[in-house]
Amino acid sequence: MRIMTSIVAGAAILMALTSAHAAETADTFKAAYEKAEAANKKAGELRNQWTTTVAALKSAKKAADEGNFDAATGLAKKAEALANASIAQTEREDKLWPNAVIR
Amino acid sequence: MASTIRVRAIAGADSTEVQALVQHPMDSGFVKDSKGELIPPHHIETVQFETGGKVVFTALWGPAVSKDPFVKFTFKGGKKGDDLKITWVDNKGSTDTTTAKIA
Amino acid sequence: MRHLVILATVMTCAFAPPLLAETTASSSPEKDFTAFRHYFTSKFPKVELNDFVNGPYSMDEGLRKQWVEKEVFPPYDFALDHGKELFEKPFKNGKTFADCFDNKGIGVRQNYPYFDEKTNEVVTLELAVNQCLEKNGEKPYNYMKDDMAAVTAYMAFTSRGKPFDIKIPKDNPKALEAYEKGKQYFYQRRGQFNFSCASCHVQAPGERIRAEVLAPALGILNAMPIYRSEWGGMGTISRRFTSCNSQVRGVPLKPQDPEYRNVEYYLSYMANGLPISGPGARP
């Protein structure tokens, strides 16, 4: 009896874990992509976009065009993270650069 | 149209040093253009240096030599005022030749 | 959970902006110039001052030997000839480049960039070349290579040996602002690799990045434009700035964008007194 309970419990945990990654859709991708694009646009206004951000956006779009919304959304989230890092870098460096000046 | 061959030959005690710069695209045939298409092979195959009726140096180039090749060598003999004739032939059958005086 | 809090605290402390001992108010281009020059001459006491313009060749004997040999028939020779032809060929309206420049454009490269007080913009040589073309109804050149490289190679050649003579008009705060922005661009980290221009050319001149020997920032523009073996062809200052950006994984700005013109202004000013050596050849 106890073994059965453990198996059922194990199966339940497994299902809970896998259902945490519910399948992404065209809509969830679009939302993630637009967020990433907006962040990259801000980075562009700060004159410091990263090439890897642009590449991630491109790959995200390509995966979405192929209907692979899980991968596409993952890539869009990665692009957003990269864009945010580039913004943080500019804000940080705007204060730190004088320390590097030869004096 | 100016010659594609620039050459300088300087006679020493018993040998002559020759330097030559040749203008040529030297396309190997393995490189792709921005559209992803192969750039066809277009490279010099042989270069010959002649003086006093004798070939003193033959270079066998080909796809492994890069653009605008430079060659430098020394040959026994040669004296100031002699003519030095340089001729190249490429894989398309084009050719150019020039004659310079040994200095 | 506690680990995350500690990590976050450590990270914010590490990045908290420190008290700035020097602000731009207490510095001046003249003070910057002296400090910059002193940094490189004391870091490389055996290098003759004028030799800094030879970039990696002033840093590495083996590279210098190869370069000296190649200079007999330098790879920029063809571009130089082509540049002279382009420079002398009349436009459709009969005028030539000589009509746009002081001294007919001969021996003037060392005066660029200059600060145009009418437009409050930094004018580089490349910008001036295209302004000349447009003024005379001709199509402007692509900034990166080919004809732009050829014409600026010829103009640099006519100035060989002349010392950089960059001016920051004292009574014009906009000129000083452009200089300061250029200085900021030079020292500010960018791109995913988090490098600034200074990371390579102030921190590590003479050392290697992959297989390349790094040039010192002092006199780094004096040899431009260059035939770069890596490119298999000529490249302008615009080409080098944009490729430096992409090499640190930063999306390049447009050629001759204000940031690039400002940093060219800063670097050229830092090289005042050092001879123009362009056009150059680099690995």
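**Figure 1. Chains A and C share the most contacts of the two pairs of chains that touch.**
The model is predicted. The predictor gives the complex an ipTM of 0.86 and a pTM of 0.86. On one side of the contact stand 26 residues of chain C, and on the other 19 residues of chain A. Two elements of chain C each give two or more residues to this side: helix 2 (29–43) and helix 7 (173–187). By class, the chain C side holds twelve nonpolar, eight polar and six charged residues.

**Figure 2. Chain C also meets chain B.**
Here eight residues of chain C are in contact with ten residues of chain B. Helix 4 (residues 77–88) of chain C supplies the largest share of the chain C side, three residues. The classes on that side are four nonpolar, one polar and three charged residues. What separates chain A from chain B? The two chains do not touch, and their nearest C-alpha atoms are 18 Å apart.

**Figure 3. Chain A is built from helices, four of them, with zero strands.**
Along the sequence its pattern reads α-α-α-α. Chain A has 103 residues, of which 28% count as buried. Consider contacts in chain A between residues at least 6 apart in sequence: 70% of these join residues at least 24 apart.

**Figure 4. Helix 2 of chain A has a buried side and an exposed side.**
This helix covers residues 26–45, 20 residues in total. From its first C-alpha to its last it reaches 28 Å, close to the 28 Å expected at 1.5 Å a residue. Which residues of the helix are buried? They are F29(A), A32(A), Y33(A), A36(A), A39(A), N40(A) and A43(A). These residues lie on the same side of helix 2 of chain A because they cover an arc of only 125° around the axis. They pack against helix 3 (51–65) and helix 4 (69–96) of chain A. The other side of helix 2 carries the exposed residues D27(A), E34(A), A38(A), K41(A) and E45(A). Just after the helix, R47(A) takes a positive phi of about 65°.

**Figure 5. The largest nonpolar core has 67 residues.**
Five members touch the most other members: A79(C), A153(C), L218(C), Y266(C) and L267(C). Helix 6 (residues 146–157) of chain C gives the most to this core, with eight residues. In soluble globular proteins, nonpolar side chains tend to be buried together. A closer look at L267(C) shows contacts with F186(C), A217(C), I220(C) and L221(C), leaving out residues up to four places away in sequence. Apart from this core lies another, of 19 residues. Among its residues are A39(A), A76(A), A79(A) and V251(C). One of these, A39(A), is also among the buried residues of helix 2 of chain A.

**Figure 6. N272(C) sits in a loop of chain C.**
The loop runs between helix 10 (258–270) and strand 7 (280–282) of chain C. Is N272(C) buried, exposed or partly exposed? It has 15 other C-beta atoms within 10 Å, so N272(C) is partly exposed; a buried residue would need 20 or more, and an exposed one has 12 or fewer. Not counting residues up to four places away in sequence, N272(C) touches F33(C), F164(C), D165(C) and I166(C). N172(C) is 100 residues away along the chain, and its C-alpha is separated from that of N272(C) by 20 Å.

**Figure 7. G78(B) is a buried loop residue.**
The loop links strand 5 (70–76) to strand 6 (83–90) of chain B. Why does G78(B) count as buried? Because 22 other C-beta atoms lie within 10 Å, and 20 or more are enough. Leaving aside neighbours within four places in sequence, G78(B) is in contact with A11(B), T16(B), T51(B) and I102(B). I10(B) is 68 residues from G78(B) in sequence, and the two are 8.9 Å apart in space, C-alpha to C-alpha.

**Figure 8. Confidence in chain C drops over residues 6–23.**
The mean pLDDT of chain C is 92, and 91% of its residues reach 70 or more. Over residues 6–23, however, pLDDT stays under 50. For this stretch the model has eight contacts beyond four places in sequence. Where pLDDT is low, the predicted coordinates should not be read in detail.

Methods
Residues are numbered from 1 along each chain as its sequence is written. Chains are lettered from A and ligands numbered from 1 in the order in which they are written. This is a predicted model: local features need pLDDT of at least 70, side-chain atom pairs count only at pLDDT 80 or more; totals for chains, interfaces and linings use all residues. pLDDT is the predictor's confidence in each residue, from 0 to 100. Two residues are in contact if their C-beta atoms, placed from the backbone, lie within 7 Å. Helices (H or I, at least four residues) and strands (E, at least two) are DSSP runs, numbered from the N terminus. Ala, Val, Leu, Ile, Met, Phe, Trp, Tyr, Cys and Pro count as nonpolar, Asp, Glu, Lys and Arg as charged, and the others, Gly among them, as polar. The expected span of a helix is 1.5 Å times one less than its number of residues. The arc is that of the directions from the helix axis to the C-beta atoms. A nonpolar core is a set of buried Ala, Val, Leu, Ile, Met, Phe, Trp, Tyr and Cys residues joined through C-beta atoms within 7 Å.
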